[in-house]
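Look at the sequence and the structure below before reading on. The paragraphs after them go through the structure one part at a time.

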Amino acid sequence: MRLTEHFRIYFRALKMIFNWDRTFALCWTVGAVLSAGTPYVPIYFSAKLVDGLYLGAELRTIIIYAALAVGMVFVFKVVETYISSLRDKCYGAIYRQEEWQYSQKAMSMAYESTESQEVALLRSRIRMESQTGYNSWWTYYSVEECCKNITQIVCSISMTISFFVLPSVPLALKLGLVIMLAITIIVSILTTQRGQILTEAYYADAVHINIFCKKYEDYILDYSASKDIRLYHMTDSITGLIGETEGEMNQKGLKLAKQKILLSFPNVVLNHALKYATYLVLIVGAIAGAVSIGSIAQYVSCIMLLLTAVSELARVVQIALNNNHYLKRYFSYFDIPNDMYKGSLTVEKRDDVEYYVEFRNVSFKYPGTDTYALRNINMKFKIGEKLAVVGMNGSGKTTFIKLMCRLYDPTEGEILLNGVNIQKYDYDEYMSIFSVTFQDFAMFGFSLGQNVAASKVFDGEKVTACLKKVGLDKFLEALPKGLDTCLYKSFDKDGVEISGGEAQKIALARALYKDAPFIILDEPTAALDPVSEYEVYSKFNEIAGDKTAIYISHRLASCRFCDKIAVFHEGRIIQQGTHEDLLAEDNGKYCELWNAQAQYYVV
Ligand code: ADP
């Protein structure tokens, strides 16, 4: 990464965290300067005190020095404690703000991105990395550490500079000390850098391993997988995989610890050598009468603090540079564009529900794949028409629906609503004209009413009417808290467990509650028992009312109720017509599918 990019990313992170909470950012910075400056107060006054005592200064002067040292440290500490309590108060709020940022991004992302494996991996990686040390918080920490160390460097230099300009200390000695200091600092910077590079490589490995381990643990904790895990005795295999990956990481951790011990060795030797050399030079200076007894401790402490501050600063800069690679990934996640929101036309709200949709030469490949899931689809639906979409698994039926609802945009061709390309409409407005129940619909642990309304507030009468339409009136009557009964036990211990069939009917009720001009049902009876299935079929026209309805089903008998049937095969529409028309085509796919199903019902 180039230096300009490093700066750009770092300042973007600074701006972001500053906007999260300005008080927090200020407390962090001021607190750092105070905590770094505090140790210099006793160092400075102790030197004055010792010199005063040695040179027989007045008692009043000695007391003033002592009082100033204690008083200033006390005031600094009180202010520091106040600032740090303010800072602690903001922690939780800031943490939640970042979590909120993640949630907002996930919800505002184009559907295509949410399905993309690349995006899923990127998200897992930045989440994992933030737990292994690299994160946006590091930007705070690096600012704090830079402030601390720069304060320490400035204080140390200003309190030792007097020694280096003393004419009575031989120049060769002073030069020798400066060279030794420079060597110690350079070695310290180099070894710190090397240590950070090794740590970064270790964390980069840890990310992949953590992602794997998290996935294995999810399998163990996910109760929908627990049946298979028990019945097929998979526990040992899964825990074995966790053990293997963690063992591998432990080995790498041990290797890193050894490498770091070796790296610290020259630093320890040089630090001690410098300390004794400083004492030696100062003693020579003291003997020559150029350095006071009190100043010896001051100079040694300040030089050692200077050394620590410089190597710490080097370490912080190195971590900040490494962290910028993390931040680059972090921002690349939040910068994923959502092209779906480019349109701005409002969808005409028509009382006569006079909407029509047309597919014109539409072809589609899923992102990252080479094969067409749909090929040259041409179709137009009339208002109020009931269309059935049939075909074998993988023939493209669900993809067709996803394109119509603009979860994806076509690779070629265009889809029109009332003659206008759907990409030109405002995305949310366009979405509002569809009620869809996908096969993999979601149920939430909220109340039944909220699940049907897909909202926190709901119209009880309307929800009840929708539940009745899909045949759930008896189910509702049996619920202890009626519409306020929670589904499952995630949020309420009195929540009810529901069967797959009941869930499917609730999903149907949700589609009805939305009351949009288009109703689309993708295999709406797959989980229903034969009686419920019959009920849904026979009420289908009533359920759909005057809406334009699209109905995907494997069960061809159910399609007879529709005005038109489209037969999909290998991503193409190969037949269209009424049930009777299609049955009349003896060699057609529809006839083949119909006969294949019918044979099971012939006694
Ligand atoms: P159907 O609903 O008729 O069973 P789909 O529309 O789900 O069929 O799938 C059509 C084709 O697109 C299949 O070959 C399927 O493997 C592929 N496909 C479906 N979803 C995705 C996806 N998210 N990414 C890549 N390919 C997909």
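The text begins with confidence, moves to the sheets and the ligand, and ends with some single residues.

This is a predicted model. The protein has a mean pLDDT of 85, and 96% of its residues reach 70 or more. The elements do not share one value: helix 18 (residues 530-538) has the lowest mean pLDDT, 72, while helix 14 (residues 448-453) has the highest, 95. Where pLDDT is low, the predicted coordinates should not be read in detail.

Start with an open sheet. In what order do its 4 strands lie? The order is 2-1-4-5, and the pairing is antiparallel. Strand 2 (372-380) and strand 5 are the edge strands, each pairing on one side only. Strand 2 is joined to strand 1 (residues 357-365) over 5 bridges, in the antiparallel sense. To find a place where these two strands face each other, locate Phe359, which stands opposite Met379 in strand 2.

The other two strands of this sheet lead to a residue with an uncommon backbone angle. Strand 4 (412-417) and strand 5 (420-421) are connected by a loop, and Asn418 is in that loop. Asn418 has a positive phi of about 50 degrees, although it is not a glycine. Most residues other than glycine have a negative phi. A second case is Glu570, with a positive phi of about 45 degrees, and this residue is not a glycine either. Glu570 also belongs to a loop, the one between strand 9 (564-569) and strand 10 (572-577). Is Glu570 buried or exposed? Its relative accessible area is 63%, and the cut-off for exposed is over 50%, so Glu570 counts as exposed.

Now turn to strand 8 (residues 548-552). Of its 5 residues, 5 are buried, so this strand is largely enclosed by the rest of the structure. The side facing one way holds Thr548, Ile550 and Ile552, the other way holds Ala549 and Tyr551, and all of them are buried. Which strands pair with strand 8? One is strand 3 (residues 386-391), which pairs with strand 8 in the parallel sense over 4 bridges. Another is strand 7 (residues 518-522), which runs parallel to strand 8 and is joined to it by 5 bridges. A useful residue to find here is Ile552 in strand 8, since it appears in both pairings: Ile552 is the bridge partner of Val389, and Ile552 is also the bridge partner of Asp522.

The next stop is the ligand. Which residues surround the ligand? They are Glu115, Tyr366, Thr369, Ala373, Met392, Asn393, Gly394, Ser395, Gly396, Lys397, Thr398 and Thr399. By type, this shell divides into 3 nonpolar, 7 polar and 2 charged residues. Helix 12 (residues 397-404) gives the most to the shell, with 3 residues.

Some of these residues place polar side-chain atoms by the ligand. In Thr399, an N or O atom of the side chain is 2.4 Å from an oxygen atom of the ligand. For Thr398, the distance from a polar side-chain atom to an oxygen atom of the ligand is 2.7 Å. Tyr366 has a polar side-chain atom that lies 3.4 Å from a nitrogen atom of the ligand. How much of the ligand's area does the protein bury? Taken alone, the ligand exposes 560 Å², and the protein buries 61% of that.

Three residues in helices complete the tour. Ser311 lies in helix 11 (residues 293-334). With a relative accessible area of 16%, which is under the 20% cut-off, Ser311 is buried. Its side chain is joined to the side chain of Ser188 by a polar contact of 3.3 Å.

Phe45 is in helix 3 (residues 40-55). This residue is buried as well, with a relative accessible area of 9%. Phe45 and Ala67 are 22 residues apart in sequence, and their C-alpha atoms are 9.6 Å apart in space.

Glu502 is found in helix 17 (residues 500-514). Its relative accessible area is 24%, so it counts as partly exposed. Between Glu502 and Ser532 the separation is 30 residues in sequence and 9.8 Å in space, C-alpha to C-alpha.

Notes:
Residues numbered from 1 in each chain as written. Predicted model: local features only at pLDDT ≥ 70, side-chain atom pairs only at ≥ 80, totals over all residues. Heavy atoms only, no water. Buried < 20%, exposed > 50% of the residue type's maximum accessible area, 1.4 Å probe, protein only. Near = heavy atom within 4 Å. Polar contact = N/O pair within 3.5 Å; in protein donor to acceptor, adjacent residues only side chain to side chain. Areas by Shrake-Rupley, 256 points an atom, 1.4 Å probe, with all protein chains shown as cover. Nonpolar A, V, L, I, M, F, W, Y, C, P; charged D, E, K, R; others polar. Pairing = 2+ DSSP bridges. pLDDT = per-residue confidence, 0-100.
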